[in-house]
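Student: Could you take me through the side-chain contacts in this one, aromatic rings and charges included? I'd like a close look at how they connect.

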Amino acid sequence: MQYLFSVIHDSADLAAPEEQAAIAVFNDRLKASGNWVFAGGLASPDAATVIDNRGAEALFTDGPFVESKEFLIGFWIVEAPDLDVALKLAAEGSKACNRKVEVRPFR
């Protein structure tokens, strides 16, 4: 089963060099263990554009969809046999990046 690990933080600042090093080690472990699918960091929320095409014309709005003190700054998609393994991996990822991580399974 695949899981989305959403990295949540209250700042758009990039990871510090020691955090980047720990993230690289974590990513290497995910790859070596066969859990790696994909990962990426995101630009700050003010770089977002929201598109709503539910009406007659598409509406494009600059900026984030919601104002929030915390926001998504990165993510991992991992393969894990069950939620317990996913949670253990997410705890390691949270430690590596020094940020909160939300875990959600794909349907």
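Tutor: Here's a walk through the ring pairs, then a charge over a ring, then the salt bridges.

Some housekeeping before that: residues are numbered from 1 along each chain as its sequence is written, and side-chain values use heavy atoms, with hydrogens and water left out. The model is predicted, so local features need pLDDT of at least 70 and side-chain atom pairs count only at pLDDT 80 or more, while totals for chains, interfaces and linings use all residues.

Let's start with the rings. Rings of Phe, Tyr and Trp (its six-membered ring) pair if their centres lie within 6.5 Å; planes under 30 degrees apart count as stacked, over 60 as edge-to-face and the rest as tilted. That rule gives two aromatic pairs. One of them is F26 with W76, an edge-to-face pair with 5.0 Å centre to centre and 80° between the planes. This pair links distant parts of the chain, with F26 in helix α1 (residues 17-33) and W76 in strand β5 (residues 71-79), 50 residues apart. Helices (H or I, at least four residues) and strands (E, at least two) are DSSP runs here, numbered from the N terminus.

How does burial look for these rings? Buried means under 20% relative accessible area, exposed over 50%, and partly exposed in between (1.4 Å probe, protein chains only). F26 is buried at 1%, and W76 is buried too, at 4%.

F38 and F75 make a tilted pair, 5.8 Å centre to centre with 35° between the planes. Here too distant parts of the chain are linked: F38 is in strand β2 (residues 36-41) and F75 in strand β5, 37 residues apart. F38 is partly exposed, at 47% relative accessible area, whereas F75 is buried, at 19%.

Now for a charge meeting a ring. The charged end of K31 sits over the ring of W36, 4.5 Å from its centre; the test is that NZ of Lys or CZ of Arg is within 6 Å of the ring centre and within 35 degrees of the ring normal.

On to the salt bridges. Side chains of opposite charge can pair when their charged atoms come close. The cut-off is a side-chain nitrogen of Lys or Arg within 4 Å of a carboxyl oxygen of Asp or Glu, and the count comes to five salt bridges. Among them is E92 with R29, at 3.2 Å from N to O. E92 lies in helix α2 (residues 83-97) and R29 in helix α1, so this bridge ties together parts that are 63 residues apart in sequence. Both ends are partly exposed, E92 at 24% and R29 at 43%.

E92 also bridges to K88, with the closest N and O atoms 3.1 Å apart. This time both residues lie in helix α2, four residues apart, about one turn of the helix. K88 counts as exposed, at 55%. Through shared partners, the salt bridges join R29, K88 and E92 into one network.

Another bridge is E70 with K100, at 2.5 Å from N to O. E70 sits in the loop between β4 (59-62) and β5, and K100 in strand β6 (residues 100-105), so distant parts of the chain, 30 residues apart, are linked. E70 is partly exposed at 34%, and K100 is partly exposed at 48%.
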